[in-house]
Structure formats: structure tokens, C-alpha cells
Amino acid sequence: MAVAAEIDRATLTTFLLRLADDHLILGHRLSEWCGHAPLLEEDLAMPNMALDLIGQARALYQYAGEVEGRGRGEDDFAYLRREREYLNCLMVERPNGDFAHTMLRQFWFAAFMHPWWEAIAKGSDATLAAIAEKAVKESAYHIRHAGEWVIRLGDGTEESARRMAGAVEALAPYVGELFESDAVTLAIAEAGIAPEPMTVRSAFDRTVAQVFSEAMLELPEPTWPQGGGRAGRHTEAMGYLLAELQHMQRTYPGAVW
Amino acid sequence: MVSGLHTRGQDRRDSNVRRDGRALSRRAYAAAASVPDPEIPVLTVADLGILRSVEIEDGVAVARLTPTYSGCPATLAIELAVEAALREAGFEPRIERVLSPAWTTDWITEGGRAKLAAYGIAPPQRASNSVRALFGEVQVACPKCGSGETERISEFGSTPCKALYRCTACREPFDYFKCL
């Protein structure tokens with residue numbers, strides 16, 4: 001295990017858990033569509049993307065457990081923490097809403113992660129870089145798929161355009177948190193593991209501007225950003241999500257497949 | 001004199017041990033390499049390029065495997081199958097998961113590509129790091145009739161590694177093994 005020497009384990013563990021929680025929670029949200037999608041191809045696509053995200057989360061949790069060195073594994077992190085210990089950004093926990101909400105959330109998250117994974121793949125931590133190297137390509141598929149839906153709905157019928165515009169308005173306050181900087185992101189950047197998220201803002205803006213212009217969508221007005229997820233403060237939706245996610249492990253502690 | 005003989009004998013024993021060690025490693029590799037992928041059983045772990053090495057270390061056969069797609073549910077099944085195959089062949093197995101360098105579809109062997117096509121799955125395009133290949137702006141040949149007149153039906157197919165295509169020449173639907 002090649003942990004960059006210049007970083008303390010607690011900081012790296014926190015950073016890995018933030019990334020892992022983003023991917024687990026968004027993967028869980030997508031999995032809620034399984035069996036409910038509007039058409040068969042989407043019923044395949046959303047669980048497929050969920051598998052990618054949960055697979056990335058598993059690799060990150062396993063590595064976080066190694067770095068932390070206190071014997072916690074992926075199931076402990078995924079199922080046996082309390083709400084305030086989850087460090088995901090708020091966007092990924094927002095309810096699925098309609099198909100427009102789900103696809104816009106997916107598109108925004110992938111448009112953020114794709115350039116960030118690219119940078120992390122070139123970073124100084126070999127394990128994280130290897131996880132990133134595959135995630136870059138997987139997130140590219142997510143951008144394309146979700147982006148196509150943003151365009152199709154935004155530039156679709158009056159009804160679909162109204163719904164996509166509604167999703168933009170509802171989710172816009174959660175974009176800013178993706179790019180937040182604090183002592184953890186700063187230390188990680190100084191160790192050369194991952195640049196500050198803000199450094200990929202221009203790449204994100206370019207991807208979003210391109211898809212929104214094809215979708216005939218207005219870019220959202222600047223709004224007061226919502227935050228707190230990185231410190232474990234969540235929206236009211238999170239408790240319900242965790243109730244379902246954790247149900248089996250809470251009911252049958254230590255259950256394995 | 002005596003010590004010289006001793007040395008030669010020692011050398012011979014050492015080289016026998018080394019040769020036996022290499023032969024054992026090769027036998028262990030062969031046992032592990034023949035394990036099929038549970039979802040695409042025409043491919044072995046060696047065809048997929050995910051079996052990095054098998055070496056005998058302190059009497060234990062250590063197989064190093066690289067996962068494919070991050071979300072591939074077969075990863076654990078493959079590890080268990082390789083472990084069972086080594087045990088079957090008389091080895092005490094240990095599986096190590098190696099993440100770096102990350103697997104790409106470019107590691108699928110030529111033989112593996114031919115097997116995929118014969119099985120009815122269009123093999124992945126080369127140069128997985130090219131954006132064109134990733135984004136599917138390439139011609140995927142129909143594995144049934146060979147025509148390049150194909151269209152993508154769905155980005156995501158029956159497993160995380162596949163997309164659904166249709167041949168507009170012979171009208172057959174088929175799976176395409178996506179680039180990664």
C-alpha cells in the first residue's frame with residue numbers, strides 16, 4: 001500500500017470516505033429506479049450506472065479501511081455508521097423526483113467527477129490513482145448517457161422542458177458544494193493526491209454549457225449554495241435513505257451473503 | 001576437493017529447486033489461467049488479461065488478479081473460482097487483488113477477441129483511452145455477418161461491460177463489449 005507520506009491517515013481517510021459516500025449514496029438512489037424505469041433500456045441503464053458507482057464506492061471503502069487501520073471494512077462504512085458520519089455532498093442524497101431530476105443530478109455529478117477523476121488518476125497516491133483510472137472512463141459513459149437525456153427532455157415537449165427546467169431550479173443550490181474547499185481538500189491537494197475541486201470548475205462549466213445549449217435550457221441563476229454534507233449535516237431526505245440502505249444490517253447485524 | 005564437490009552438489013540442488021519452483025509456478029499458472037469468466041464463459045481469466053501472475057511463495061500459490069469494471073459483480077466469483085482451481089490442482093492458494101495498473105479492455109488477448117466474436121459478442125475497440133472509442137463514435141462490426149452497418153440500441157446491456165447493438169444488414173441484435 002503506497003500511501004503518500006506527506007499526509008496523515010485521518011485526513012486521507014476522511015477524503016476517501018467523502019468520495020466513497022458520494023458514490024454509494026448516488027448509486028443507492030439510482031438503484032431505487034430498478035424495476036420502475038419508464039422503458040426497458042433505462043431499466044438496464046440506471047442499475048448499470050448504479051453498479052459502477054457502488055463498485056467505485058466499494059474500492060474506496062476498502063482502501064479507506066486499510067488507511068484508517070482500525071479494522072473497519074466496506075460493510076462497516078456503508079451500513080453501520082450514523083447519519084452524521086456520512087460525508088457525501090447533499091446533491092447525491094436528493095430524492096429521485098421525476099426522471100428529469102434523476103438525469104440532471106446524474107449529469108451534474110458526472111460532469112464534476114469526470115475531470116476530477118482524470119486529475120486524481122495522475123495523483124501521487126497509487127491505489128487511488130488506479131481506482132480513478134477506471135472511474136474516469138466509467139464516468140464518461142455516465143456524462144454521455146445522462147447528458148443525452150438532459151438534451152432530449154430539455155429540447156423535447158412543452159411538458160418535458162418544463163420538468164427539466166424545474167429540475168435545474170431545484171438542484172442548482174447543490175452544485176456549489178461539489179467545489180467546496182476546506183482543510184481536508186487543501187491537505188490532499190498539497191500532498192499531490194487530488195487537486196482542489198475548484199480546479200475542475202471550468203471543465204464542469206464547459207460540459208454543462210454545451211449540453212444546456214443543445215437542450216435549450218437556461219443556465220441557472222447564481223443561488224445561495226446549500227452545504228454541510230462534507231461535515232455530516234444532511235437534508236431531511238438522508239434519514240429515509242439510510243433507513244432503507246441499512247435495514248438488513250441493522251436488523252440482522254453481521255449478516256453476509 | 002571435498003568442499004568443491006559439496007559446492008557443486010549444493011549448486012545442483014539449488015538449481016533443481018529453482019527449476020522445480022518454476023515448473024510448479026507454471027503448473028499453478030496453467031490451473032488458474034483456465035478458469036472461465038462466469039458471465040462470458042467462453043473467455044478465461046487469461047483471455048481477459050486479468051490474471052497478472054501466479055507464483056509459488058513459501059509454498060503458497062499466490063494468484064494476482066485485477067478487477068475489470070468497477071461494478072462488475074463477477075469479481076468476487078472469479079477470485080473464488082481461481083482459488084478453487086488452485087486448490088483442485090493441489091496447491092495452497094492465496095488470492096491478491098491488484099488495482100494498479102488499472103485493467104483496460106486493451107488487455108483482452110487476440111485469442112480472447114476471436115472467442116468473443118465467435119460467441120456473438122462484438123469485441124471492444126482498441127485504444128480504450130481514445131475518447132472516440134469510449135464515446136462509441138466508431139464502427140462496430142456485426143459479429144454474425146461482419147457488416148459495419150450497425151446501430152446502438154442501448155448504451156447499457158445485460159452486464160456492466162456490454163452495450164446493445166443491432167445489425168441493420170442482417171437484422172440481428174448483438175452485444176458489444178464496451179471499451180474501458
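**Figure 1. B:Leu51 and its partner across the strand pair E1(B) and E2(B).** In this predicted model, B:Leu51 faces B:Leu65 of E2(B). Start from that pair and follow the two strands along: E1(B) and strand E2 (residues 60-65) of chain B run antiparallel and are joined by six bridges.

**Figure 2. The open sheet of chain B.** Stepping back from the leucine pair, we see a sheet built from three strands, in the order E1-E2-E3 (chain B). The sheet is open, and its pairing is mixed. Strand E1 (51-57) and strand E3 (92-97) of chain B are the edge strands, each with pairing on one side only. From one strand to the next, the twist averages 20°.

**Figure 3. A cis peptide bond in chain B.** Here is a spot worth zooming in on: B:Ser100 and B:Pro101 are joined by a cis peptide bond, with omega at about -5°. To find B:Pro101, look in the loop between E3 and helix H4 (110-119) of chain B.

**Figure 4. Antiparallel pairing of E5(B), E6(B) and E7(B).** Strand E5 (residues 150-154) of chain B runs antiparallel to strand E6 (residues 162-167) of chain B, and four bridges join them. A handy landmark on this side is B:Ser154, which stands opposite B:Leu164 in E6(B). E6(B) also pairs with strand E7 (residues 173-177) of chain B, again in the antiparallel sense, this time over five bridges. Here the landmark is B:Ala163, whose bridge partner in E7(B) is B:Tyr176. The hairpin of E6(B) and E7(B) has five residues between the strands. In this hairpin, B:Arg171 has a positive phi near 70°.

**Figure 5. Two domains of chain B and the contact between them.** The domain assignment divides chain B into domain 1 (2-97) and domain 2 (107-177). Where the two meet, domain 1 of chain B supplies 11 residues and domain 2 of chain B supplies 12 residues. On the domain 1 side of this contact in chain B, six residues are nonpolar, three are polar and two are charged.

**Figure 6. Where chain B touches chain A.** How many residues of chain B are in contact with chain A? The contact brings together 18 residues of chain B and 24 residues of chain A. Sorted by class, the chain B side comprises 11 nonpolar, six polar and one charged residues.

**Figure 7. Helices H1(A) and H2(A) side by side.** Moving over to chain A, helix H1 (residues 9-31) packs against helix H2 (residues 40-68) at an angle of about 160°, and their axes are 8 Å apart. At that angle, H1(A) is therefore roughly antiparallel to H2(A). The two helices make a left-handed crossing. If you are browsing side chains here, the contact of H1(A) with H2(A) counts 20 nonpolar, five polar and two charged residues.

**Figure 8. The other partner of H2(A): helix H6(A).** The axes of H2(A) and H6(A) cross at roughly 165° and come within 11 Å. This angle makes H2(A) roughly antiparallel to H6(A). The crossing of H2(A) past H6(A) is left-handed. From H2(A), the residues in the contact include A:Ala45, A:Met49, A:Asp52 and A:Tyr63. From H6(A), they include A:Thr127, A:Ile131, A:Glu138, A:His142 and A:His145. By class, this contact of H2(A) with H6(A) has eight nonpolar, four polar and two charged residues.

**Figure 9. The crossing of H6(A) and H7(A).** Helix H6 (residues 126-154) of chain A also meets helix H7 (residues 158-171) of chain A; their axes cross at roughly 125° and come within 7 Å. The two helices, H6(A) and H7(A), are therefore oblique to each other. The H6(A) side consists of A:Val150, A:Leu153 and A:Gly154. Facing them in H7(A) are A:Ser160, A:Ala161, A:Arg163 and A:Met164. Taken together, the contact of H6(A) with H7(A) has four nonpolar, two polar and one charged residues.

**Figure 10. A positive phi at A:Met216.** Which backbone angle stands out at A:Met216? A:Met216 is not a glycine, yet its phi is positive, at about 55°. You can locate A:Met216 in the loop between helix H9 (201-214) and helix H10 (237-251) of chain A.

Terms used. Residues are numbered from 1 along each chain as its sequence is written. Chains are lettered from A and ligands numbered from 1 in the order in which they are written. This is a predicted model: local features need pLDDT of at least 70, side-chain atom pairs count only at pLDDT 80 or more; totals for chains, interfaces and linings use all residues. Domain bounds come from an automatic or database domain assignment. Two residues are in contact if their C-beta atoms, placed from the backbone, lie within 7 Å. Ala, Val, Leu, Ile, Met, Phe, Trp, Tyr, Cys and Pro count as nonpolar, Asp, Glu, Lys and Arg as charged, and the others, Gly among them, as polar. Axes are lines fitted to C-alpha atoms, for helices over the stretch in contact, and angles run from 0 to 180 degrees between N-to-C directions. Angles under 35 degrees count as roughly parallel, over 145 as roughly antiparallel, 65 to 115 as roughly perpendicular and the rest as oblique. Two strands pair if DSSP finds at least two bridges between them. A crossing is left-handed if the near helix is turned anticlockwise from the far one by less than a right angle, and right-handed if clockwise.
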